[in-house]
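Subject: Structure for you to look at

Hello,

I am handing over the structure below. Please look through it first; my notes on what was found follow.

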Amino acid sequence: MNFLISSPLDMAMAQVGGLVMLQPEVGGSRQNFFFAGIDKVRFRKPVIAGDTLVMRMTLTKLQKRFGIAKMEGKAYVGGEVVCEGEFLMAIGSE
């Protein structure tokens, strides 16, 4: 049985967070976003190769003045939470 190790799972969730920041409803920023941190991550169940993974990221705080966005993320397999955590994004230039 092949399991998806935790690091690619939480990094994939951070990438989904970056996509959320590009959405017009959030501000549709054309600036660059950088993964700045991760906190309170819990891996609830193993993810096995072939599972369909659904990720949801919710913007909880956006501080444009300081260039920080905070998000809560959850990953699901078959409707059950397999991973959850808080993610920080930094707004900046290259």
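Read from the N terminus, the elements of the protein chain follow the order α-β-β-β-β, which amounts to 1 helix and 4 strands. Please keep in mind that this is a predicted model.

The strands form an open sheet of 4, arranged as β1-β4-β3-β2 with antiparallel pairing. At its edges are β1 (32-43) and β2 (53-63), each of which pairs on one side only. From one strand to the next, the twist averages 25°.

For a closer look at one pairing, take β2 and β3. Strand β3 covers residues 68-77, runs antiparallel to β2 and is joined to it by 10 bridges. Within this pair, L53 stands opposite V77 in β3.

On the surface, M11, F35 and I38 make a nonpolar patch of about 230 Å². One of these residues, I38, lies in strand β1, an edge strand of the sheet. Is I38 buried or exposed? Its relative accessible area is 36%, so I38 counts as partly exposed: the category lies between under 20% for buried and over 50% for exposed.

Some totals for the whole protein chain:

- Of its 94 residues, 29% count as buried.
- The exposed area is about 6,200 Å², and carbon and sulfur atoms supply 52% of it.
- Among contacts with a separation of 6 or more, 61% are between residues 24 or more positions apart.

Regards

Note on methods:
Residues are numbered from 1 along each chain as its sequence is written. This is a predicted model: local features need pLDDT of at least 70, side-chain atom pairs count only at pLDDT 80 or more; totals for chains, interfaces and linings use all residues. Side-chain values use heavy atoms; hydrogens and water are left out. Two strands pair if DSSP finds at least two bridges between them. Helices (H or I, at least four residues) and strands (E, at least two) are DSSP runs, numbered from the N terminus. Axes are lines fitted to C-alpha atoms, for helices over the stretch in contact, and angles run from 0 to 180 degrees between N-to-C directions. Patches are made of residues with over 30% relative accessible area and no salt bridge: like charges are joined within 9 Å, nonpolar side chains (Val, Leu, Ile, Met, Phe, Trp, Tyr) within 5 Å. Accessible areas come from the Shrake-Rupley method with a 1.4 Å probe; for residues, only the protein chains shown count as cover. A salt bridge is a side-chain nitrogen of Lys or Arg within 4 Å of a carboxyl oxygen of Asp or Glu. Buried means under 20% relative accessible area, exposed over 50%, partly exposed in between (1.4 Å probe, protein chains only). Contact means heavy atoms within 4.5 Å.
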